[in-house]
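Please walk through this structure step by step, with the sequence and the coordinates side by side. Begin with a turn, and move from there to the strands, the core and the metal sites.

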Amino acid sequence: MATETAGELDELLREAELAHGHLCAGQILGVRMAMLALRRLDIHEPRKKLDAYGNPNPDRKRPVVFVEIDRCATDAIAVVTGARVGKRALKLRDWGKMAATFVDLHATLGEGEYKGIRIVALESSKNAARERYPELPKNEQQMVAYRELPDEKLFSEEWVRVPLPPSEFPGYKGERTTCARCGEGVNFDRFVERGGERLCFACAEPEGLYYRPL
Ligand SMILES: [Zn+2]
Ligand SMILES: [Zn+2]
């Protein structure tokens, strides 16, 4: 890895450690994955308000990220990209895969679709770490090797198109409604129309509830 990139990696890992509470192999993979994505999308410093000339930074809030796992790497990806759940820029699709799709909001493909890159951490990366440092314990192998291994030993990547309606954009403000059955307030797009009524997901599909009343 180039010295410049290594310095950036160290800096981002320090920030990720602070945000996540500890530094672990998953964090390192997450930081590397997000750095690779931003490089591919040619997005620079998406977290900075101003660019180098003191003008508003056009790359700010440019990535929207769909992340497919709810583990350490997720926090790391948020740190590097600046995408947060609370800003609607980080979207969790919990498929249990060490993968994420980084969508470029500046790269319109037409019909509400945007260009993105989906990056997957290779299952073989663990073996690659073991082969590199057979003498170290497993966690140490990964902690050291994931900093050093080239991207192609760690990740596969694929360009993708991602439909992103305006209502999924960060900062979108839409109509809020009240569920006809339970009376709870619901945001745009998060209700279903049934028999002329607007129902929240909980009332429309009680089988899908994640909780049960005591
Ligand atoms: Zn962790
Ligand atoms: Zn309801």
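Glu111 is exposed, with a relative accessible area of 82%, and this is a good place to enter what is a predicted model. Glu111 belongs to the loop between S3 and S4, and its phi is positive, at about 50°, although Glu111 is not a glycine. Most residues other than glycine have a negative phi. The loop in question is the turn of a hairpin that S3 and S4 form, with 2 residues between the strands.

From the turn, the two strands can be followed outwards. Strand S3 covers residues 99–110 and runs antiparallel to S4, to which 7 bridges join it, and Gly110 stands opposite Glu113 in S4. Strand S4, made up of residues 113–121, is mostly covered, since 7 of its 9 residues are buried. S4 also pairs with strand S5 (residues 155–163), again in an antiparallel arrangement, through 9 bridges, and here Val120 stands opposite Ser156 in S5.

One residue of S4, Tyr114, leads on to the aromatic pairs, of which the structure holds 3. Tyr114 and Phe169 form one that is edge-to-face, with 5.6 Å from centre to centre and 65° between the planes. Because Tyr114 lies in strand S4 while Phe169 lies in the loop between S5 and S6, this pair ties together parts that are 55 residues apart in sequence. Tyr114 itself counts as buried, at 12% relative accessibility. Another pair is that of Tyr210 and Tyr211, whose ring centres are 5.0 Å apart and whose planes stand at 80°, so that this pair, too, is edge-to-face. Tyr210 is exposed, with a relative accessible area of 78%, whereas Tyr211 is partly exposed, at 38%.

The loop between S5 and strand S6 (176–178) is also the place of Glu168. Is this residue, Glu168, buried or exposed? With a relative accessibility of 16%, Glu168 counts as buried, the cut-off for that being under 20%. Leaving out residues up to four places away in sequence, Glu168 touches Arg88, Lys91 and Arg190.

The next step is the interior. In soluble globular proteins, nonpolar side chains tend to be buried together. In this model the largest nonpolar core has 39 residues, and those with the most contacts inside it are Val31, Met33, Ile77, Phe102 and Phe155. Two or more residues each come from H1, H2, S1, H3, S3, S4, helix H4 (125–132) and helix H5 (138–148), and H2 gives the most, with 11 residues. Phe155 shows what such a position looks like in detail: apart from its neighbours within four places in sequence, Phe155 is in contact with Leu29, Arg32, Met33, Leu36, Ile119, Val120, Ala121 and Leu122. In the loop between helix H2 (25–41) and strand S1 (63–67) sits Asp42, which has a positive phi of about 60° although it is not a glycine.

Two zinc ions remain to be described. Which residues coordinate the zinc ion (ligand 1)? They are His20 and His22, each through NE2, together with Cys24 and Cys72, each through SG, at 2.2 to 2.3 Å. The angles among these 4 donor atoms run from 89 to 146°, and the site is irregular; the wider end of that range lies outside the limits of 85 and 135 degrees that a tetrahedral site would need. In sequence, the donor residues are spaced H-x1-H-x1-C-x47-C. His20 lies in helix H1 (residues 3–20) and Cys72 in helix H3 (residues 72–81), so this pair ties together parts that are 52 residues apart in sequence. Both His20 and Cys72 are buried.

The zinc ion (ligand 2) has Cys179, Cys182, Cys200 and Cys203 as its protein donors, with their SG atoms lying 2.3 to 2.4 Å from the ion. Around this ion the 4 donor atoms subtend angles of 103 to 113°, which makes the arrangement tetrahedral. Ideal angles at a metal are 109.5 degrees for four tetrahedral donors. Along the chain the donors of the zinc ion (ligand 2) follow the spacing C-x2-C-x17-C-x2-C. Since Cys179 lies in the loop between S6 and strand S7 (185–187) and Cys200 in strand S9 (residues 197–200), the pair ties together parts that are 21 residues apart in sequence. Cys179 is buried, with a relative accessible area of 4%, and Cys200 is buried as well, with 8%.

Terms used:
Residues numbered from 1 in each chain as written. Chains lettered and ligands numbered in written order. Predicted model: local features only at pLDDT ≥ 70, side-chain atom pairs only at ≥ 80, totals over all residues. Heavy atoms only, no water. Donors = N, O, S within 2.8 Å, 3.2 Å for Na, K, Ca; no water. Tetrahedral: all angles 85-135°; square planar, octahedral: opposite > 155°, others 65-115°. Helix = DSSP H or I, 4+ residues; strand = E, 2+ residues; numbered from the N terminus. Buried < 20%, exposed > 50% of the residue type's maximum accessible area, 1.4 Å probe, protein only. Pairing = 2+ DSSP bridges. Contact = heavy atoms within 4.5 Å. Core = buried A, V, L, I, M, F, W, Y, C linked by side-chain atoms within 4.5 Å. Phe/Tyr/Trp six-rings, centres within 6.5 Å; stacked < 30°, edge-to-face > 60°.
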